[in-house]
Amino acid sequence: MKIDWAALGSVFGVSLVVTVALVGLFTLGIAGLSRRERAVAHGDSAALAVTGAYACFAACTAAVAYGIYLIVA
């Protein structure tokens with residue numbers, strides 16, 4: 001059995017970058033929702049923060065769905 005270490009390292013690197021990106025997107029979504037709560041407490045509107053949060057969550061969902069598609073296909 002011969003292990004292709006370059007391919008294994010490439011897969012590890014890509015998965016690490018994608019994981020960090022997904023965590024970052026999800027964190028931005030949570031931050032957007034917390035800004036909405038702060039704005040509601042002050043009586044302001046936070047439509048842009050909510051829209052950004054939902055866009056981040058949609059991007060996370062799309063990335064996870066694409067990953068599942070790659071695994072299944």
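Buried here means under 20% relative accessible area. Keep that cut-off at hand as you go round this predicted model.

**Whole chain**

Start with everything shown as a cartoon. You will find two helices and zero strands in the chain. The radius of gyration is 18 Å, well over the 11 Å that the globule rule gives for 73 residues, so the chain is more spread out than a compact globule. Turn the view along the principal axes, and the C-alpha atoms fill a box of roughly 65 × 20 × 10 Å. Now switch on the surface: about 5800 Å² is exposed, and carbon and sulfur atoms supply 74% of it. Buried residues make up 12% of the 73 residues.

**Helix α1**

Next, select residues 5–42, which form helix α1. How far apart are its end C-alpha atoms? They are 55 Å apart, which agrees with the 56 Å that 38 residues should span at 1.5 Å a residue. Show G29, G32 and A39 as sticks or spheres; these α1 residues are buried. Bring α2 (47–72) into view as well, since what covers the buried residues of α1 includes that helix.

**The start of the chain**

Move to M1, I3, W5 and L8. Together they form a nonpolar patch on the surface, with about 560 Å² of accessible area. Pick out W5, which lies in helix α1. Is W5 buried or exposed? With a relative accessible area of 60%, W5 is exposed.

**H42 and G43**

Now jump to H42, still in helix α1. H42 has a relative accessible area of 64%, so it counts as exposed. Step on to G43, just after α1: here the backbone takes a positive phi of about 85 degrees. Before leaving, draw a C-alpha to C-alpha distance from H42 to A63; the two are 34 Å apart in space and 21 residues apart in sequence.

**Helix α2**

Last stop: select 47–72, helix α2. Its 26 residues should span 38 Å at 1.5 Å a residue, and the end C-alpha atoms are 37 Å apart, which agrees. Which residues of α2 are buried? Colour V50, A53, C56, F57 and C60 to see them. Then put α1 back on screen, because the cover over these buried residues includes α1. To finish, show the buried residues of both helices at once: G29, G32 and A39 in α1, with V50, A53, C56, F57 and C60 in α2.

Notes. Residues numbered from 1 in each chain as written. Predicted model: local features only at pLDDT ≥ 70, side-chain atom pairs only at ≥ 80, totals over all residues. Heavy atoms only, no water. Helix = DSSP H or I, 4+ residues; strand = E, 2+ residues; numbered from the N terminus. Expected span 1.5 Å × (residues − 1). Buried < 20%, exposed > 50% of the residue type's maximum accessible area, 1.4 Å probe, protein only. Contact = heavy atoms within 4.5 Å. Rg over C-alpha atoms; globule rule 2.2 N^0.38 Å. Areas by Shrake-Rupley, 256 points an atom, 1.4 Å probe, with all protein chains shown as cover. Patch = residues over 30% accessible without salt bridge, like charges linked within 9 Å, V, L, I, M, F, W, Y side chains within 5 Å. Salt bridge = Lys/Arg side-chain N within 4 Å of Asp/Glu carboxyl O.
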